[in-house]
Amino acid sequence: MKEKTYDNQSISSLKGADRVRLRPGVIFGSDGIEGCQHSVFEILANSIDEFKEGYGNTIRVTLHEDYSITVEDYGRGIPVDYNEKEKKFNWELVFCELYAGGKYNNNEGDNYEFSLGLNGLGSCATQYSSEFMNVEVKRDGYIYTLHFEKGENIGGLHKEEATYKHTGSKIHWKPDQEVFTDVHIQPEYFHDVLKRQAVVNKNLQFIFEDQIRDEKHVYLYEDGILGYAKEIAEEKNFTGVVFTESETKGRDREDRPEYKLKFQLAFCFCNERNMLEYYHNSSYLEYGGSPDKAIKNAFVYAIDQYLKNESLYNKDEKKITFVDVQDSLILISNSFSTITSYENQTKKAITNKFIQEAMQDYLKEYLYIYFTENKDEAVKIAKQILVNKRSREKAERTRINVRKQLSGSIDIGNRIKKFVDCRTKDVTKRELYIVEGDSALGSCKLGRNAEFQGIMPVRGKILNCLKADYDKVFKSDVIVDLLKVLGCGVEISSKHNKDLNTFDLNNLRWNKVIICTDADVDGYQIRTLILTMLYRLAPTLIKEGRVFIAETPLYEINTKNKTYFAFSDAEKAEVLKKINTKYTIQRSKGLGENDPDMMWETTMNPETRRLIQVVPENIQEAEEMFDRLLGDDLPGRKDFIATEGYRYLDLADMS
């Protein structure tokens with residue numbers, strides 16, 4: 001085997017377009033769709049920077065049917081002609097050299113003071129990663145055009161004199177499938193990014209033409225982040241929407257250069273929704289960084305101080321956390337600086353120490369004054385934050401309790417009272433009958449097929465899970481036992497209880513969950529309460545069609561030679577038409593009074609039983625009906641009974 005050598009000739013570097021084409025993840029953070037999207041944003045950022053410099057208030061973005069993209073602005077136009085200083089054409093510097101650009105002296109009051117693109121990668125990196133790119137620039141009385149293919153210029157610069165109303169740049173390109181694993185950027189990406197940029201660039205209009213769906217959209221926020229905060233709140237905020245801004249100078253370290261910082265904040269408090277969004281130099285900071293830390297520290301400090309000063313904490317109560325504030329806070333932060341330290345090229349967080357300190361100090365003082373001058377709003381905020389805090393703490397106690405109750409491997413036969421398991425371990429065959437009371441347990445146990453049918457009795461009327469809070473729900477032995485038997489955990493998505501969510505359909509121990517209650521008013525109510533429990537704690541079981549109701553007969557019609565069962569008055573009439581001999585009719589007894597043979601034939605035998613699959617065709621209607629009948633809407637329930645109750649009067653005769 002030939003020995004490998006590692007010497008002075010072993011070191012090599014990627015040159016030209018290959019620096020991007022062979023390693024797109026290094027530049028764009030990913031070689032997948034996210035990296036492809038970031039390559040688009042680099043071009044868009046250049047047009048936005050022109051607007052921020054005061055040139056052009058409209059940017060047109062087109063997504064073509066072949067997933068190529070056009071970005072056109074009405075700025076000054078990219079300089080592409082010959083550059084005496086560099087002894088090169090500017091188009092070569094802009095589109096063919098990484099780390100070349102006109103934004104490096106921004107801290108000295110030069111062009112692009114608060115720029116989105118500072119590192120000179122954007123236009124070149126996107127060009128290198130494209131299948132093709134066409135550039136058209138209008139400036140200095142000329143139209144300049146360039147054409148690139150797979151990172152190489154074809155034909156040089158074309159230049160011709162022209163007259164036009166607006167200067168500007170138009171770039172049409174297609175991300176290359178050879179570079180990115182996925183180049184099919186969906187319209188949703190453009191809607192999201194253009195809306196965000198309209199929010200933080202007040203009075204900049206984006207016109208998005210989606211040729212795939214044949215749609216056109218315009219994004220424009222004349223009030224910037226203030227208008228956006230109002231839009232998010234939808235007038236459901238319990239405080240006014242506040243806007244404040246400031247401008248300052250500072251440095252991250254004594255030996256580092258001083259730089260400019262300005263920032264804007266818009267916020268309000270709202271019970272029905274919350275949101276935190278951070279932007280820096282117009283770039284959306286998914287992870288925040290410095291502004292995020294500043295805002296969290298300032299809000300916790302200011303509200304905690306207010307609660308202490310007003311003696312609103314209970315004795316020995318723990319202080320609030322930002323989670324308690326965030327539950328009711330809508331806030332948009334929009335900051336700009338002439339020097340920015342990003343965590344990486346994709347600009348999802350910034351790390352400037354001065355930015356954090358400056359924003360934090362300003363906001364602490366601002367909130368102190370705001371609470372002092374707006375006493376009514378301060379009281380509302382303080383009370384709501386305490387409600388959030390105490391709800392969170394209660395949920396944490398509940399979570400610990402629930403996990404203890406539902407966790408661990410369970411020998412169900414030994415640990416759950418009255419539960420009767422079946423023999424097979426094949427989940428595709430197992431059926432669980434949830435029955436009403438101990439007497440029904442006896443008849444069902446004797447009437448079932450013990451190979452695949454298990455029985456779980458519920459004792460009395462179980463808790464109405466729609467009205468009770470989770471703390472009370474999980475103190476109910478009946479509910480906890482039933483959840484253990486099901487085995488799939490619980491689904492919880494409410495704000496303070498998300499950590500309680502343990503649901504996994506794969507852990508469900510049954511193919512069918514069958515609710516089997518008496519055919520009377522009490523039976524119907526118990527059935528409804530069991531359904532309500534499943535609807536609130538494991539709704540996927542209903543959505544997946546795993547929940548059934550076993551119909552039990554209303555009438556037993558006996559003749560000398562045969563017994564007939566009728567499940568409705570209409571069926572009873574049909575049976576009686578067929579009978580030519582003497583008969584007796586008996587109203588159905590409770591399940592516990594039925595003999596095992598009758599239970600098997602009418603309710604448990606897969607060949608003869610009647611099961612109703614519970615699958616709400618319209619989940620919204622189902623939610624409204626559950627809430628109307630079992631929720632807190634008492635006036636709605638009264639109205640429903642008054643207008644619709646007559647339809648159910650015949651059921652009352654069964655009791």
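This talk walks through one chain, from its overall make-up to a few local details.

What we have is a predicted model. The chain holds 22 helices and 26 strands. It has 655 residues, and 49% of them count as buried. If we take the contacts in the chain with a separation of 6 or more, 68% are between residues 24 or more positions apart.

Let me start with the inside. In soluble globular proteins, nonpolar side chains tend to be buried together. Here the largest nonpolar core has 62 residues, and those touching the most other members are Leu44, Phe95, Phe190, Leu194 and Phe206. Which helix gives the most to this core? That is H3, residues 33–52, with eight residues.

Take Phe206 as an example. Leaving aside neighbours within four places in sequence, Phe206 is in contact with Leu44, Ile48 and Ile59, with Leu194, Gln197 and Ala198, and with His217, Val218 and Tyr219.

Next, helix H6, residues 187–200, and helix H7, residues 224–233. Their axes are 6 Å apart, and the helices pack at an angle of about 120 degrees. Oblique packing covers angles that lie between roughly perpendicular, which ends at 115 degrees, and roughly antiparallel, which starts over 145, so H6 and H7 are oblique to each other. On the H6 side the residues that meet H7 are Lys195, Val199 and Val200; on the H7 side they are Gly224, Ile225, Tyr228 and Glu231.

Staying with H7, is this helix enclosed or open? Seven of its ten residues are buried, so H7 is largely enclosed by the rest of the structure. The buried ones are Gly224, Ile225, Gly227, Tyr228, Ala229, Ile232 and Ala233. Their cover includes H6 and four strands: S12 (242–250), S13 (259–269), S14 (275–280) and S17 (329–337). Just after the helix, Glu234 takes a positive phi of about 50 degrees.

Now the aromatic rings. The whole structure contains 21 aromatic pairs. In one of them, Phe267 and Phe269, the ring centres are 6.5 Å apart and the planes stand at 85 degrees, so this pair is edge-to-face. Phe267 has 0% relative accessibility and counts as buried; Phe269, at 1%, counts as buried too. Both belong to a cluster linked by ring pairs, whose members are Phe238, Phe263, Phe267, Phe269, Phe299, Tyr306, Tyr362, Tyr366, Tyr370 and Phe371.

Two tyrosine rings have a lysine over them. Lys159 lies over the face of Tyr142, 4.4 Å from the ring centre. The charged end of Lys572 sits over Tyr555, at 4.6 Å from the centre of that ring.

I will finish with two residues that meet distant parts of the chain. The first is Glu377, in helix H11, residues 375–406. Glu377 and Thr239 are 138 residues apart along the chain, yet their C-alpha atoms are separated by 6.0 Å. Not counting residues up to four places away in sequence, Glu377 touches Thr239, Gly240 and Tyr370. Tyr370 is also a member of the ring cluster I just listed.

The second is Ser68, in the loop between strand S1 (58–63) and strand S2 (69–73). Is Ser68 buried or exposed? At 1% relative accessibility, Ser68 counts as buried. Its C-alpha atom is 7.1 Å from that of His172, which is 104 residues away along the chain. With residues up to four places away left out, Ser68 touches Thr62, Leu63, Phe132, His172, Trp173 and Lys174.

Terms used. Residues numbered from 1 in each chain as written. Predicted model: local features only at pLDDT ≥ 70, side-chain atom pairs only at ≥ 80, totals over all residues. Heavy atoms only, no water. Core = buried A, V, L, I, M, F, W, Y, C linked by side-chain atoms within 4.5 Å. Buried < 20%, exposed > 50% of the residue type's maximum accessible area, 1.4 Å probe, protein only. Helix = DSSP H or I, 4+ residues; strand = E, 2+ residues; numbered from the N terminus. Contact = heavy atoms within 4.5 Å. Phe/Tyr/Trp six-rings, centres within 6.5 Å; stacked < 30°, edge-to-face > 60°. Lys NZ or Arg CZ within 6 Å of the ring centre and 35° of its normal. Axes fitted to C-alpha atoms, helices over the stretch in contact; angles between N-to-C directions. Parallel < 35°, antiparallel > 145°, perpendicular 65-115°, else oblique.
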